[in-house]
Structure formats: structure tokens, C-alpha cells
Amino acid sequence: MNYKKQIIPKIKGLLHGADYNPEQWLDRPDILAKDIELMKQTRCNVMSVGIFSWSTLEPVEGEFQFEWLDKVLDNLANHGISVFLATPSGARPAWLSERYPDVLRVNSARVRQLHGERHNHCYSSPNYREKVTIINTKLAERYSQHPAVIGWHVSNEYGGDCHCHYCQAEFREWLKNKYGSLERLNQLWWSTFWSHTYTRWEQIESPSPIGENSIHALKLDWKRFCTDRAANFCAHEIAPLKSINPDLPTTANLMEYFYDYNYWELAKSIDVVSWDSYPLWHRDSDEVALACYTGMYHDLMRTLKNQPFLLMESTPSQTNWQPITKLKKDGVHLLSSLQAVAHGSDSVQYFQWRKSRGSVEKFHGAVIDHVGHANTRTGREVTAVGEYLQQINAVAGSGTPAEVAIIFDWENRWAIDDASGPRNEGMHYEQTVCDHYRGFWQQGISCDIIEQLCDFTPYKVIVAPMLYLLKPNVAERLETFVAQGGTLVATYWSGIVDHNDLCFLGGFPGGEGSPLRRTLGIWAEEIDSLYDHERVRFDVDTNAGLGFGGEFKAKHLMEHIHLETAQALAYYREDLFDGCPVITKNHLGQGCAYYIAARTGTEFNTLFYSALADLHGLHKPMAHVPDGVSVTTREDQQSRYLFIMNFMNEPRDVTVPPGTWVNENTGDAVEENMMIQPYQVIVISSQK
Ligand code: GLA
Ligand code: ZN
């Protein structure tokens, strides 16, 4: 763990700000002047500028207008407001699409899109790449030493795929590099199935609604290729920026539970991870589940680079694109914003600073509404966040110690979803990972969210829900992890296919003689899937050593397993597998491995992970975390910070851990017992 990492070299404290689009208001100098005043009033110290400014920066091909941006940046610098300067590739001028139609994406049905919208350029188009290099070079030459500019906001929310002839050709090159020969590709793609054998590279096409979808390995490779394309395009954008000023950090804003690209790969192209978080507060009765789901994603963003991240976007009030755009109840804005900081963010930033007058986002929440001032409920809530961040400024750069890692793996996720069976009505991989994570989250135990290629050695416990696709050497590394004293929790539907999406032979998980099967000490013979309404009873044996027992229910998926060297801790008590083991434990070397053969619910997970924490001596920041409260830890060499957050609309009593704690917000000493109000967040600190 990094104990102190200043991710933006020019900045010491926490950042607070928004996406700022002055280009929409160039004919209103009064409004631009007022913006600065309002930024000061709302305690904003950073703006992301230029994200969609290309047509203002280069209204005609090769004719650039920077004077307006000079003024904006100078003005911000003069008032002590920093800037993430964007490269404008997220949306392009009409002249560019008109003159170079190959910049327009071709969809999977092979239809070229018309000009308009955004985030829809072809990553392979030589023309787009050239135009991006030109504008990025000009921006870097002019602004990369500007006193306001603290980093690059590269493009906006990379996403999607393109099926044009350039991209098809790149895909074939990528496959040639990967497989070397068609013979090998045919073999590993299992293409004799349905006579799909390829005899020329040119026959290979990206997946489409009208063919090429029956080869699972092709679909998986396409997704890997699309990740590489996006990462390659991102690196292409960054090259001129770095060649002019290598010290200015880059970030790209990622998205929540994003499906298209493996973020572990994309994150390699940038210096700092940032992301756009839009939880749908007040939608469900279980607000706590949403808080947990969001917390897990913040943890992933922190783990991607094992350093603080930035909350690049969130809404100060409501969005305009969610099915129902609810306002946040009083206090929830501060709570939601500080939750990001609690999990490792060094900023709270919004989309957007000022509401536009026209077009698709004119009703999206903004710090400054059409009324034009900040004496509004939202204005006050935003100001309260700014003030709070100033009070907890010392948190910036601190780390998050984690003894637990949960594997959430993109390639595994894609392969599970494409698998055709065993449960086509929903395998719910993301939710399942989160359901396991929740067992720790509700105890205040920090987790890193890793992929299967990450280093396992820093952790005491690794949880690998549904590790269906097993990459080379991962089973060996898990075996070593356990043998050397680690605790592994694996579940049903693990070790089913290799990284080529070919099923293992000789017995799951992992195949005959697999280190994974050895580590878990079981053989999984078959899996049954259940309808949504079905539940199957299993009993945990009170004497099995978990410290709890009783009757529980399995849902969605359940496996029929056999003990090899493991011992059973729980048995199915009805239905097809009545009497067979469902939870097992296997000792190996200095450590042990649990197997959970069926999908369990919150009730079981809560008890199981609480027992696991006790049995394996995990550090808990607080002896008891009340229901609906989340506690996270950040720390540096000198101090430990506890974020105590109440996601319930009711007060809760908490007992702070022994020691001398100070309320970071008020500066007051903290009593041992305190009440935390509905939707309240309290940050306390103690010296180490
Ligand atoms: C995304 C985009 C922003 C804006 C917001 C609206 O996160 O990056 O430009 O459209 O959504 O919520
Ligand atoms: Zn393309």
C-alpha cells in the first residue's frame, strides 16, 4: 500500500469542481465573469475545461482560435482555480465528418453512422488520428506550462466499438499476432464446430447481428481487441501531450461497471484514474445495497493503480438520463460525495458547472442552474461539500490498507455472459461479486477489487466469486497463496474454461490434476439452475467450526460437488442434491480454501464473512458497525482517518474504537459513543 501519494504533483489538497463549458457562453462576458465569483462562493478550486470544445477551437480545418481559451485559463489562474484541460476528441466538428467520413463509426450491422452525437469516432481511422494529433499538439504547445493547468483530461468516456474495414483489418492483424497461424486459431477457436473452419484470414469478421456469433472465442477476442484499440487510441492521444511536457499527469474518465473494455488494460495508458459516478439514490427501499455497490466501484478505481483516484463527475443534484431523475434528500449530496473520498478519491467533481440553455443536457443538474446564482438548495449543498473538503484536506494522498481482495475480472465477466447456459436469464456476475463484497463492507473491512492477474501476495484473504475463466498460472498462484497461509473463498462455476474459452477436461474446477481442484479439495460434477422464485434449503452444521449454524436458502445456481480432501461445513437439505455438501473447507499447507457450491444470499454472506474475519484475524476498524452504516479507513504515516457514513434514514449509535479521536469537521474531541444522524457522514482522525 502507498501511504502517501500526491497524484497531481502541482496539488497538495483535495479538489472540488466541475466540467466547465465557457465556449457555450462566449457572447456573455457578464456570465463568464460571474462564473469566477460563483466558483469562489461554492468553494470550487478546479474546473475541467474544453471537453467538447473542438468546433470552437478549430472552427474551420487548420484554422485555430485559442484566444478565448487563453482568457478563460488566465482568468481561472488569476483566481487560484486549477484546470484539467481536455483533449476534445469526445465530439468532433461537422467539417471533420464531412471531409473525412471514415472517422464515423460503423455499427455491428455494418451501417456507417451519420454525423452527430458524440463518443462515436473510429479509433482506427488514420484521418481521425491525424486530426487528434494536430489539435492535441497545439493544445500542449500552448497550455502545458500554463499556471492553471494541473493535468490532462484525455477525451471523454471512451467506449464502444467500430466495425469498419480499418477496424476489421486491425482485428485480423491482432489475431495474426496472437495466434501466428490460421491452423492454431482454428484449433483454439474450436472452429470445426458447425463447420466454421477458416481457410483465409480475410474470412474472419467481427461479431454481427447476422453471423459470426457462434464462436465464443471470437467474441471474447473481439472484446479484448476493442480494449486494445481504445487503449491504443488513448496512448496515441497522449503521445504529443507527453512529448511536450512529460510531467503533466493524464487521466481519462472511466464509467461505472462499464462493460466494453477491460479497465485494467485501459488504466495502463493513463497516470491517474478518474471516474463518473451516478448512483440512483432513493430508487429502491434498500439504499444500503446501492451504497455498497457504489463503494465497491470506488474501491476498484482505487485498486486499478493502487493510489488515490479522482471522482471526475457526479451530479450536484439530478441527472437527465436516468429513468426517474430524483433529487437527493438533504444531506445525501454530502454523504454521496464524501463516500468517494472515503474509498480513496482525492476529489469531488461534478457534471456540470452551469446548465446549458439548449440541447440534450439543458435539464441535467448543475452547480449553477438557469437562475444564474448559487443561493439555491443545490448551491448550498455544493458549498457545504467544498467547505467540508477544506476541513479534511489532510486526507489527500492517504492510502487504504486492505487485507482482503475480491476478484472482479472483465474477461471472466464477458465469458460468463456469452456462455449460452447454464442460466440465460441472468448469471448476475457483477451483483454476485458485490454480494460477497458486502460481507466485508458492512464490517468496515477494506477490500481491494482486483483482477486475476494481480499480485495476490499482499492479502490475507482472497474471494473469487464465479471464477469461470481461469487464465494461465492463476490456479498455481492461488495454490501458492493458500499454501503460504492465505485464505481463499471460491464458489460454484469456477475453473470451467481456460483463457481460450475452452472447457477444462477431467473434472471441474480447473480440470484433471488442476492446482485449483487440489487447493479446494472438491470435484464439481454438475450445476443446476433455478428459476428466480425457487429457493433450495441448506443447513450449516453448528459444530463445523464456523461459529454459526442454521438453515439457509440457495438461489439461482447450485452445484453438485464431491469431497476429495475437503471437509463439508454445510449440506443441501432438499431437492436433487439433498445430502450433498454445499460449503466446504480444505486445508493446504499453512492456509485453507473454502468452496461455496451454491448462490447464497445476504443473510448467509453476513454471517459467513463475519465468521471468516474472526477466524482469520482480519483487522476491523470498529468492533460493531450498525446496520446501514459504512465505515472506511484511510491512513498515512502520521494519521488514521475513519469515515463513518449512515446510509439509513434513521439515526444510529456508534462506538468509536479506543484511542483519541478528533472530529475533522469540527475539530472537537470525539466521545466514545456518538449518534450519527440520518444520511450523516462524520470523519474522525487519530494520530498513529
Ligand atoms: C457523462 C458525460 C458527461 C455528461 C454526463 C451526464 O458522464 O461524461 O459529459 O454527459 O454523463 O450525466
Ligand atoms: Zn473503425
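The expected span of a helix is 1.5 Å times one less than its number of residues; helices (H or I, at least four residues) and strands (E, at least two) are DSSP runs, numbered from the N terminus. Keep that in mind for a couple of stops below. What you have open is a predicted model, in which local features need pLDDT of at least 70 and side-chain atom pairs count only at pLDDT 80 or more, while totals for chains, interfaces and linings use all residues. Residues are numbered from 1 along each chain as its sequence is written, chains are lettered from A and ligands numbered from 1 in the order in which they are written, and side-chain values use heavy atoms, with hydrogens and water left out.

**Stop 1: helix 12**

Select residues 377–391. With 15 residues at 1.5 Å each, helix 12 should span 21 Å, and its end C-alpha atoms are indeed 21 Å apart. Now colour the buried residues (under 20% relative accessible area with a 1.4 Å probe, protein chains only; exposed is over 50%, partly exposed in between). Among them in helix 12 are Glu 381, Val 385, Tyr 388 and Leu 389. Show what surrounds them: the buried residues of helix 12 pack (heavy atoms within 4.5 Å) against strand 1 (15–20), helix 1 (29–41), helix 11 (332–342), strand 8 (345–350) and strand 27 (681–687).

**Stop 2: the zinc ion**

Jump to ligand 2. Which residues hold this zinc ion? Cys 122, Cys 162, Cys 164 and Cys 167 coordinate the zinc ion through their SG atoms, at 2.2 to 2.3 Å. Donors here are N, O and S atoms within 2.8 Å of the metal (3.2 Å for Na, K and Ca); water is not among the atoms, so sites may look incomplete. The angles between the four donor atoms run from 102 to 115 degrees, which makes the arrangement tetrahedral (four donors, all angles between 85 and 135 degrees). Along the chain, the donors are spaced C-x39-C-x1-C-x2-C. Cys 122, in the loop between helix 4 (94–99) and helix 5 (126–143), is thereby linked to Cys 167 in helix 6, 45 residues apart. Both Cys 122 and Cys 167 are buried.

**Stop 3: helix 6**

Stay with Cys 167 and extend the selection to residues 165–179, which are helix 6. Cys 167 has buried company in this helix, including Phe 171, Trp 174, Leu 175 and Tyr 179. Look down the axis: the buried residues fall within an arc of 160 degrees, so they line one face of helix 6 (the arc is that of the directions from the helix axis to the C-beta atoms). That face packs against helix 7 (182–188) and helix 8 (216–244). Turn to the other side for His 165 and Asn 177, which are exposed. Just after helix 6 comes Gly 180, with a positive phi near 80 degrees.

**Stop 4: Met 312**

Next, pick Met 312 in strand 7 (residues 309–313). Is Met 312 buried or exposed? At 0% relative accessibility, it counts as buried. Beyond its neighbours within four places in sequence, its contacts include Asp 19, Phe 84, His 153, Trp 275 and Tyr 350.

**Stop 5: the annotated spans**

Finally, colour by UniProt feature.

- The unreviewed entry puts "domain: Glycoside hydrolase family 42 N-terminal" at residues 19–392; this span is 41% helix and 10% strand.
- It puts "domain: Beta-galactosidase trimerisation" at residues 402–618, a span with 24% helix and 33% strand.
- It puts "domain: Beta-galactosidase C-terminal" at residues 628–684, where helix is 0% and strand 51%.

Technical notes: Tetrahedral: all angles 85-135°; square planar, octahedral: opposite > 155°, others 65-115°. UniProt positions renumbered as here; feature names shortened; annotations may be inferred.
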